[in-house]
Every structure is written in structure tokens, then in C-alpha cells.
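Here are some notes to read alongside the structure, written for someone meeting it for the first time. Keep the view open and follow along point by point.

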Amino acid sequence: MEDPMAAIRETFFQECEEQLAELETGLIAMENGTAEPETVNAVFRAVHSMKGGAGIFALDQLVRFAHVFETALDKVRSATLAATPTVLGVFLRAADVLADLVRAARENTTVDDSRTKALVAEFDQINDAGEAPEAVTREAPPPVSGGLFAPVAAPEPAWEIKFTPRPALYAKANETALLLRELRRLGELDVVLDTTQLPELSELDPEGAYLTWHIRLIGDCDEAAIRHVFEFVEDDSVLVITPPEPEPAASEEPAGFLPGTVITGDNGFKFEFFPPPMADEEEAEAAAPAAVAAPAVAPREAAAPPVPKHPAVEAMAAKAEAAGAVSATIRVDLDRVDRMIDLVGELVINEAMLSQRVLEAGIARASGVAMALEELEHLTREIQDSVMAIRAQPVRSVFQRMPRLVREVAAQTHKQVRLVTEGEGTEVDKTVIERIADPLTHMIRNAIDHGLESTEKRIAAGKPAEGTVKLIALHRSGRIVLEVSDDGGGINRARVREKAIENGVIAADAQLSDDEIDNLIFLPGFSTAAKVSDISGRGVGMDVVRQSVAALGGRISISSRPGLGSTFTLSLPLTLAVLDGMVVSAHGHTLIIPLSAIVETLKPRAQDVFPLDHEINVLALRGGYVPMVDVAASLGYSETFIEPEQSVALLVEGEGGVRAVLLVDAIHGQRQVVIKSLEVNYRAVPGIGAATVMGDGRVALILDVDAVVRHARSDAGGRNAEQLSLSDAS
Amino acid sequence: MSTTVLTVDDSRAMRDMLRHSLAAAGFRVIQAEDGLHGLEMLETETPDVIVTDINMPRMDGFGFIEAVRRDVARKALPVLVLTTEVDVEKKSRARAAGATGWIVKPFDPVKLIEAIRRVSA
């Protein structure tokens with residue numbers, strides 16, 4: 001059985017991620033001035049909640065840091081600290097450190113103490129700048145935790161004094177302020193004035209008494225000393241003094257707690273049982289029977305709070321309003337949704353099979369069966385769309401990570417960068433969301449590091465010192481498009497070309513359009529940076545980004561305008577569970593080729609086919625040459641090669657923009673297919689990406705275009721296919 | 001019949017933790033995510049003890065306790081506050097709102113169970 005504590009720990013970390021996202025969003029809203037009053041509370045709660053959970057799991061470093069952060073946030077919440085840009089800057093950096101602490105805790109590592117210390121020092125500074133020292137001294141020490149059974153720093157023992165004057169007290173010209181001043185000589189005071197019994201002004205008796213003081217006294221004194229302060233007013237007030245130490249339980253109350261009881265466990269556990277207010281007053285009155293006068297009824301009313309109409313009505317209204325919010329979302333285990341998507345996939349296949357059988361049985365299209373079946377088909381499609389929509393999520397969760405990245409990279413490169421995001425609400429399948437973060441991160445790093453010029457250069461060029469990186473998400477023709485643009489200098493085409501020639505990616509005399517030059521940066525082993533920088537370099541270039549995007553059935557391209565900036569455009573399918581494919585046949589086998597890989601289909605003419613060394617043919621295509629791959633032969637379906645002119649050719653593009661022409665027997669049309677993993681259901685097969693079940697119940701394999709193209713390249717004598725097509729183009 | 005405990009806490013991890021330790025002690029555990037949710041649950045449920053957090057969205061612990069106490073039938077229902085707050089003022093507020101007890105997180109399950117048993121006896 002799974003360890004329940006491990007599961008709870010995992011839940012805690014998941015929750016932390018959500019709270020970190022909320023924290024960052026809230027802080028950014030505060031920074032942009034778009035925060036609502038509730039935002040500050042939400043930000044505070046996020047940190048507070050992380051601290052609380054971290055305590056359970058003995059995550060000391062996290063608890064300590066969260067406590068410092070929380071304290072500062074609480075001050076902003078209570079308006080004792082202004083949320084100036086400086087303060088928010090510290091908060092944002094603290095949020096970053098907190099995120100690292102959470103991740104470190106999750107991986108059972110620690111974060112370098114110097115980072116947390118540096119921020120704690122910054123917190124001290126902002127506290128000193130905007131804070132009355134009094135509140136600092138009152139601050140509780142960070143709870144020292146050792147996990148569940150951790151000792152909690154117990155608050156200092158304190159006397160609790162409840163003091164409710166009767167009208168007679170005021171009538172005798174006693175001054176409560178003087179009493180409090182007197183009391184202060186005995187120790188540190190914490191005074192809360194309860195004004196809840198104060199009536200409306202129209203009903204207020206000028207000689208009445210409506211106030212109660214709750215006083216907490218920390219000091220080394222005895223009850224007599226306290227009583228001494230109230231000596232002259234005790235008869236004209238209700239005075240309840242609760243000592244700091246628990247008294248022995250009264251014999252008549254064996255099962256309960258004596259009012260004011262504090263239970264302390266060996267491990268520092270502290271449970272305090274509040275005295276019931278009603279009992280208090282009776283006790284106090286019994287002790288002072290002489291003073292029972294007409295107004296003495298007032299405290300009794302206080303014990304049973306009157307039911308004020310309006311707050312109740314308000315609460316009901318708020319509740320009704322919130323009830324709508326509660327039912328608006330439910331949390332569902334992802335496994336359940338995935339299972340449902342799987343089942344709907346089966347349903348789609350089954351429905352297609354049924355349709356085909358009905359067709360084969362020669363049933364008339366106008367018959368009841370055929371019409372009901374058509375209805376079923378519509379419903380099935382609709383169910384599929386709805387189920388897919390369940391797993392769709394806004395890209396917000398990924399976008400939220402980017403401001404931090406921008407701050408970090410901006411700091412490393414000493415550039416001023418403003419990030420603008422648009423379309424955070426654009427929805428895409430969860431599986432896709434999880435996998436766009438990395439390419440997006442890379443693109444943004446690249447935009448800041450290589451795209452934006454240095455501040456000096458920008459100023460010299462008459463541009464604002466602060467560079468802008470824009471991140472946009474939108475839906476376009478059934479795909480999600482992500483754009484990362486910068487207002488930097490654009491791609492230095494002369495240098496890209498130079499570099500490409502230097503690296504042997506293109507021939508020295510290759511004729512390339514501007515667009516083709518720009519897109520050279522996606523070729524393997526290409527890096528425009530003079531030195532591989534720590535930021536966008538990391539040993540990988542844009543070719544890796546392109547590769548990972550291609551693995552998702554996506555495409556990436558760049559457009560650039562000299563002096564004005566560059567735009568990366570990334571387009572991805574909305575889901576990884578279904579795929580738009582071209583159904584083809586090769587030597588009697590039905591295959592699916594992902595539509596995203598197909599550039600065009602053509603009918604090769606014999607005079608355009610040229611044999612290269614070995615058994616590889618190349619096809620002359622608009623002045624260039626592209627290697628040809630006989631699909632049936634490459635998958636081992638056939639020992640012989642088909643005649644190119646007898647076949648249908650598909651120009652495909654694999655990772656790194658490498659192209660090849662695939663030869664198949666025939667094309668049977670385009671279809672959306674449900675992807676079934678081959679590894680899960682059978683085993684990995686070279687050249688095959690996945691499988692699907694066709695309408696006739698047969699399994700069709702989905703071609704792994706990248707693998708096939710790579711294979712063709714290696715067959716072409718190790719020569720780079722792109723080089724082949726480009727260099728021979730001249 | 002087993003004692004029913006309503007826990008009100010916005011943290012899933014804390015709710016899981018409470019459910020895990022209280023259910024093991026033989027309590028029937030029902031859970032709400034914040035004050036308003038807790039009030040909703042009280043429309044159909046009659047817990048023997050409530051354990052509530054203070055800092056929660058929509059309706060905090062103070063508001064929740066006050067609302068619970070407004071119901072005449074729930075004047076004596078034990079309501080324990082389980083919180084990371086160590087602020088004296090907050091404790092006074094909870095008490096004024098009608099809380100029965102105050103427990104500081106991180107909690108000791110054994111002692112929490114003991115406290116629940118005693119206030120519900």
C-alpha cells in the first residue's frame with residue numbers, strides 16, 4: 001500500500017505550486033497597479049498556507065523563510081508597510097526564492113543559505129524603512145519545527161484580564177485609561193477594546209457603559225497586584241482575571257476543561273480551551289453581588305450576543321453568491337479524464353467500424369438504421385470534442401512562469417526588459433501545455449540574450465532603453481500558435497550566412513532568400529552567438545527547440561526585420577491524443593503520415609529522378625535535389641523498389657527542417673485518428689511512431705517521419721540532405 | 001455512533017492530514033474548503049465537533065465561527081481553531097467570535113484527538 005504520508009506530502013507540493021503561481025500573479029498585479037483589495041489577502045494566504053504545510057513536514061528552511069515573508073506581507077495587508085516598487089521588488093525576488101525552496105524540499109535538497117539570508121536582509125531593510133519598531137518586537141519567532149511532533153515555541157505565560165466597567169464606575173469619575181497605565185507598570189500589555197455592545201448613537205445612553213477591555217499581561221506579578229490596580233473599581237465592574245498557569249481541574253468537571261485551561265504536551269503541543277463567556281459573567285457577578293444594579297443586565301446580554309439582522313442577511317447573500325462559485329468548478333483526478341479520453345477514442349473507432357459494416361451490408365442510406373447511425377456519428381464527435389475540452393487548459397500556467405525567467409535573464413545580461421503577454425486564456429490540451437514550457441523558455445531566453453541589443457546600443461539607435469519581449473498565444477486553424485517577439489535588432493543575416501558557410505551548413509555560393517537565411521538558425525549545430533553564453537547557449541541551439549517542437553507535431557519559424565526585431569512563431573496541435581493524418585498504402589499496408597510533416601504531394605516524372613551512389617535516388621525539385629525514400633522498402637515490407645513514376649510522392653519535412661520525398665503506392669485521404677501508443681501495447685518499432693485503429697477494425701501504423709528521413713540521410717552517404725538540396729541549387 | 005468532525009481548511013494537504021489522522025482514530029470526518037463551504041455543509045450535516053482554520057479565502061475562520069454561533073441550535077457546538085497564527089489579538093478575536101479552543105499548527109494528532117474527544121464528551 002502506498003504510504004499515506006507520502007501522498008499527503010505530494011499533495012502539499014502540488015498545492016505549493018498552485019500557491020506560488022497565485023503569489024506571483026498577485027504580486028505582478030500589485031506591481032502593475034491592477035490589484036484588487038482581495039489580491040493582497042490572497043498573496044498573504046498563499047505564503048501563510050505554504051508555511052503551515054511546511055511545518056507538518058519539518059521543512060525548516062521553508063518554514064523560516066515563509067515566516068519572514070509572511071510577516072512583511074501581513075504588514076502590507078494591515079497597511080503598516082506601503083507596497084512601493086522597492087518593496088514589491090523584494091517580494092518578487094522572495095517569491096522566486098520561495099519557489100526554489102519548495103522545489104529543493106520536494107527533491108530533498110537544500111537551497112544555498114546565502115540566497116535566503118540575502119533576502120532576509122532585504123526584508124529587514126524594508127521593515128526598518130516603513131515600520132514602527134513596536135510591531136517588530138511583538139512578532140512571534142519563526143516556529144522551530146521538527147515535523148508533526150515538533151515543539152512549537154510556546155507564547156510567554158500571560159495573565160488574561162477581562163474588564164467590563166458598569167455605569168457606576170464612570171459615574172464615580174474613574175478613568176479607565178489611568179487604570180491601564182497603572183497596569184502597564186506590572187508588565188507588557190496587549191489590550192483589545194471590545195466595542196461590539198456599543199449601540200447606535202440614537203439609542204446611546206450618555207451615562208451608560210458599553211465597553212469591555214481584553215487585556216493580556218505578560219509580567220512577573222501575582223493576582224493580588226493586579227487586583228490592587230482595580231481595587232477601587234472592582235465593585236463597579238465585571239472583572240475576570242485568568243492566571244497564566246492552568247489551575248488544577250475542578251472535581252465537578254472531570255470530563256471537560258476548566259475555563260482558561262492550557263494543555264501542553266511533552267512535544268510543545270499547545271491546546272487552549274476558552275472559558276465559556278456565560279459562565280464567566282455569572283462567576284464574576286457572584287463574586288460581586290453588592291453591585292447588582294439595573295445596568296448589570298448588560299453583561300448578560302453580551303454573553304449571548306444579540307442577533308443583528310444585517311450581518312446575517314449579508315452572510316446569507318454572500319453565501320448564495322459564493323454557492324455559485326463553488327459549483328463552477330470541480331477537481332477531478334487526471335487519470336479519470338485520461339481513461340475517459342481513451343474510452344471515447346475506442347467509441348470513435350467502434351462507431352466507424354459499425355458504419356463501415358452497415359455500408360458493406362448494403363443497407364440503404366435513407367433507411368432508419370443508416371440515419372440513426374449518422375446521428376450516432378454526430379453524437380460521438382460531439383462527445384469527443386467535449387471530452388477533449390475537459391482536458392483543455394489555459395496556457396496561463398506556463399505564461400506565469402515567464403516573468404520570473406525574464407527577470408533572471410535580464411539581470412544576467414544587464415538588460416532592461418519588459419514582458420508583455422497576451423492570450424493567457426487560450427486553451428490547449430494538458431499534455432501539450434506540459435511540453436511547451438521548455439521550448440518557450442528557450443525562445444524567451446534567446447529573445448533577451450540574442451534578440452535584444454544592449455541598453456547602450458538601444459539608446460544609440462534611438463530606441464527606449466527598456467526592451468520589450470512579447471508573448472502571445474492564439475488559436476489559428478485548429479492549432480495553437482505561440483509567438484515570441486522582441487523589439488531588438490533583428491537577425492544579423494550577414495553573420496548568420498557567414499557562420500553557416502563556416503560550419504559547412506551551406507555552400508559558399510548558395511543563393512538564399514532572407515527568410516531562408518533567418519531559418520538557418522534552426523539547423524543542427526548552429527549558434528549565432530560568438531561565444532556560447534550561459535543563458536541561451538547551455539550547449540544547445542535552436543535546433544533542439546525545433547526538434548522538441550517537431551516531436552509534438554509542431555512547427556517553428558522565425559521572421560525578422562533588421563533594426564526592428566524578430567518574431568518566433570510556434571504552432572502546435574491542440575492535442576496529442578488525436579492526430580490529423582494522411583492515410584496512404586505501401587505494398588498493401590495501410591500507413592498514416594502525420595499531416596503536420598507533409599509539405600506537399602507530387603507525382604514524380606521519370607526525368608526528374610536521378611540515381612545517387614548506392615540505391616538512393618534524388619528528385620529534382622524546383623532547382624534543388626531531395627533524397628527519395630521508398631517507404632515499403634525502408635520498413636521491410638518489400639524487397640524490391642517501386643518505380644518512382646508509378647508511385648505517389650510526398651514531400652515531408654523532418655526535424656531540423658530536413659526534407660525528403662516519401663514514395664507510397666497511393667493516397668486514400670485525410671483523417672483524424674486516435675493515437676495508440678505502440679510501446680504500451682506492443683513494443684517500439686523503428687520508423688513507426690504510434691498506431692491507430694481504422695474504421696474497418698484494422699490497425700494502421702503511424703509513420704515516424706523524423707526517423708525515416710534520418711535513415712534516408714544516412715543512406716545518402718552521410719551527406720546532409722539539406723546541404724544537398726541547397727548547395728546543388730545554384 | 002461515531003463522532004462526526006467537520007474540518008474546515010483551505011489547504012488540501014492539511015485536509016488530507018486531518019482526515020488521515022482523525023479517521024484513524026475512529027471519527028467520521030467531513031471536510032470543507034473554507035468558511036462558506038463549511039456553512040453549506042452545516043445545512044445538511046450535524047457534526048459533533050468543528051475544527052477550523054483561520055486564514056481562508058471567501059470566508060475566514062472568524063466569520064465562520066460567528067455564523068455558526070448565530071444558529072441557536074449551535075451555541076454549544078464545540079469549535080476548535082487549528083491555525084499557524086500565534087498572534088494574541090487573533091486569538092482574542094477567535095474567542096470573541098465564539099471559539100471553544102485554540103490549537104497551534106503544526107499539530108500533534110494524538111493531542112488533537114484527545115482534545116476532540118474531551119470537548120465532544
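The points below go through helices, sheets and cores in turn.

1. **Before you start.** Please keep in mind that this is a predicted model. Chain A has 730 residues, of which 33% are buried. Its secondary structure comes to 25 helices and 24 strands. Among the contacts in chain A with a separation of 6 or more, 69% join residues 24 or more positions apart.

2. **The opening helix of chain A.** A good place to begin is helix α1(A), residues 4-32. Does its length agree with what its residue count suggests, or disagree? With 29 residues at 1.5 Å a residue, α1(A) should span 42 Å, and its end C-alpha atoms are 42 Å apart, so the two agree. Just after the helix comes G33(A), which has a positive phi near 75 degrees.

3. **A helix pair.** Next, look at α1(A) together with α4(A), residues 85-106: their axes come within 10 Å and cross at roughly 170 degrees. The two helices are therefore roughly antiparallel to each other. On the α1(A) side, the contact includes F13(A), C16(A), L20(A) and L23(A). On the α4(A) side, the residues include L88(A), F91(A), L92(A) and A95(A). Charged residues are found in the list as well, among them E24(A) and E31(A) of α1(A) and R106(A) of α4(A).

4. **The four-stranded sheet.** Chain A holds an open sheet of four strands in the order β2-β3-β1-β4, with antiparallel pairing. Which strands stand at its edges? They are β2(A), residues 188-194, and β4(A), residues 237-242, each pairing on one side only. On average, neighbouring strands of this sheet are turned by 15 degrees against each other, direction ignored. Strand β1(A), residues 159-165, is joined to β4(A) by six bridges, and T164(A) stands opposite V238(A) in β4(A).

5. **Helices on that sheet.** Helix α8(A), residues 176-184, packs on the four-stranded sheet and touches β1, β2 and β3 of chain A. The direction of α8(A) makes about 155 degrees with that of β2(A). Chain B takes part here too: its helix α4(B), residues 88-97, lies across β2 and β3 of chain A, running at about 35 degrees to β2(A).

6. **The five-stranded sheet.** Another open sheet in chain A has five strands in the order β8-β10-β11-β13-β12, and its pairing is mixed. Strands β8(A), residues 417-422, and β12(A), residues 555-561, have a single partner strand each, so one side of each is left without a neighbour in the sheet. The twist averages 15 degrees from one strand to the next. Helix α16(A), residues 402-413, packs on this sheet, touching β8(A) and β10(A), and its direction makes about 160 degrees with that of β8(A).

7. **Pairing within the five-stranded sheet.** You can trace the antiparallel pairs across this sheet. Eight bridges join β10(A) to β11(A), seven join β11(A) to β13(A), and seven join β12(A) to β13(A). Follow I480(A) in particular: this residue of β11(A) is the bridge partner of H475(A), and L572(A) in β13(A) is the bridge partner of I480(A). Further along, S559(A) stands opposite T567(A) in β13(A).

8. **A hairpin.** Strands β23(A), residues 688-693, and β24(A), residues 699-703, run antiparallel and are joined by five bridges. They form a hairpin with five residues between them, and G697(A) in the turn has a positive phi of about 90 degrees. V693(A) has V699(A) as its bridge partner.

9. **Nonpolar cores.** The largest nonpolar core has 77 residues, and those touching the most other members are L62(A), A66(A), F69(A), L98(A), L80(B) and I103(B). Helix α3(A), residues 60-77, gives the most to this core, with nine residues. A second, separate core of 41 residues includes L471(A), V484(A), I521(A) and F522(A).

10. **A loop residue in chain B.** Where does F27(B) sit? Its place is in the loop between α1 and β2 of chain B. With 23 C-beta neighbours inside 10 Å, F27(B) counts as buried. The residues F27(B) touches include V5(B), L22(B) and I116(B). I116(B) is 89 residues away along the chain, with 9.6 Å between the two C-alpha atoms.

Conventions: Residues are numbered from 1 along each chain as its sequence is written. Chains are lettered from A and ligands numbered from 1 in the order in which they are written. This is a predicted model: local features need pLDDT of at least 70, side-chain atom pairs count only at pLDDT 80 or more; totals for chains, interfaces and linings use all residues. Two strands pair if DSSP finds at least two bridges between them. Axes are lines fitted to C-alpha atoms, for helices over the stretch in contact, and angles run from 0 to 180 degrees between N-to-C directions. Two residues are in contact if their C-beta atoms, placed from the backbone, lie within 7 Å. The expected span of a helix is 1.5 Å times one less than its number of residues. A residue is buried if 20 or more other C-beta atoms lie within 10 Å of its own, exposed if 12 or fewer, and partly exposed in between; C-beta atoms are placed from the backbone. A nonpolar core is a set of buried Ala, Val, Leu, Ile, Met, Phe, Trp, Tyr and Cys residues joined through C-beta atoms within 7 Å. Angles under 35 degrees count as roughly parallel, over 145 as roughly antiparallel, 65 to 115 as roughly perpendicular and the rest as oblique. Lists of a residue's contacts leave out its neighbours within four places in sequence.
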